[in-house]
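Let's walk through this fold one piece at a time, with the helices up first and the sheets after them.

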Amino acid sequence: MNILECRDLTKEYYSGDTVVHAVDGVSLTFSQGEFCAITGPSGSGKSTLLHVLSSLESPTGGKIFYQEADLSGYNDNQLSILRRRRFGFVFQSYNLVPELTGYENILLPVMLDKKKPDEAYLEKIIQILGVEERLGHLPSAMSGGQQQRIAIARALANKPSILFADEPTGNLDGKSGREVLSLLKYVGKELGITLIMVTHDLQVAEQAQRILRIEDGKIVKDSAKEAGDR
């Protein structure tokens, strides 16, 4: 079942008198529970594509459908609610609130949505990610890998159907990066979450079920299509 689709998606920026086509006529579908990596050279448009797909940025043209609903008809408030309730985000910079403990950071999206926390679900995530001993610590008392695990737990707290990750291992050493990637894969499979991840690291990308390569705003390679053509 397709959970996310874009049709002829474009995103343009102006640099002086020059138009930059950061995303240039991209059409894609993503399946429920799929793990897809988006890769490409620096400046190719991979992060912009992720931001537009997740509604963090508005497209210049084209359409995006989430569970067959056309997001072009959503206003800013509706998009904000969609991101808060159905999408999770993990970035290269962990973006934890420095004054809050690990557990308070994890609870933040639930509290912002004025929901009652699902304690059993949160406990499961915390155990999977192995952050039980860091729940009472401030981010400053955690390693980079621990902070990223807390950030992933926070992204999962509202039970999203899609997790968008932008260079989630970019600030981590090799060992921590591999551990975080392994956890992302496991959590996605365990909870049936679609994982769409941007990475410049081909070794990281190769862990995904599907690899998209973007160059100059265009998809130049889709491993799913190649597999289907065989």
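Axes here are lines fitted to C-alpha atoms, for helices over the stretch in contact, and angles run from 0 to 180 degrees between N-to-C directions. Helices (H or I, at least four residues) and strands (E, at least two) are DSSP runs, numbered from the N terminus. Bear in mind that this is a predicted model, where local features need pLDDT of at least 70 and side-chain atom pairs count only at pLDDT 80 or more, while totals for chains, interfaces and linings use all residues. Residues are numbered from 1 along each chain as its sequence is written, and side-chain values use heavy atoms, with hydrogens and water left out.

Start with a helix pair. Helix α4 (residues 119–129) packs against helix α5 (residues 144–156) at an angle of about 150°, and their axes are 10 Å apart. That makes α4 roughly antiparallel to α5 (the label is used for angles over 145 degrees). Who makes the contact (heavy atoms within 4.5 Å)? From α4 come Y121, I125 and L129, and from α5 come R149, I152, A153 and L156. Sorted by type, the residues of this contact are six nonpolar, no polar and one charged; Ala, Val, Leu, Ile, Met, Phe, Trp, Tyr, Cys and Pro count as nonpolar, Asp, Glu, Lys and Arg as charged, and the others, Gly among them, as polar.

Now for the sheets. One is an open sheet of four strands, in the order β2-β1-β4-β5, with antiparallel pairing; two strands pair if DSSP finds at least two bridges between them. At its edges stand β2 (18–31) and β5 (69–70), each with a single partner strand, so one side of each has no neighbour in the sheet. Inside it, β1 (residues 2–15) and β4 (residues 61–66) run antiparallel and are joined by five bridges. In one of these, T10 has G61 of β4 as its bridge partner. Helix α1 (residues 46–53) packs on this sheet, touching β1, β2 and β4, and its direction makes about 125° with that of β1.

The other sheet is open too, with six strands in the order β6-β7-β8-β3-β9-β10 and mixed pairing. Its edge strands, β6 (87–91) and β10 (218–222), each pair on one side only. From one strand to the next, the twist averages 20°. Look for β7 (residues 162–166) and β8 (residues 194–198), which pair in the parallel sense over five bridges; A165 stands opposite M197 in β8.

Note on methods: Contact means heavy atoms within 4.5 Å. Angles under 35 degrees count as roughly parallel, over 145 as roughly antiparallel, 65 to 115 as roughly perpendicular and the rest as oblique.
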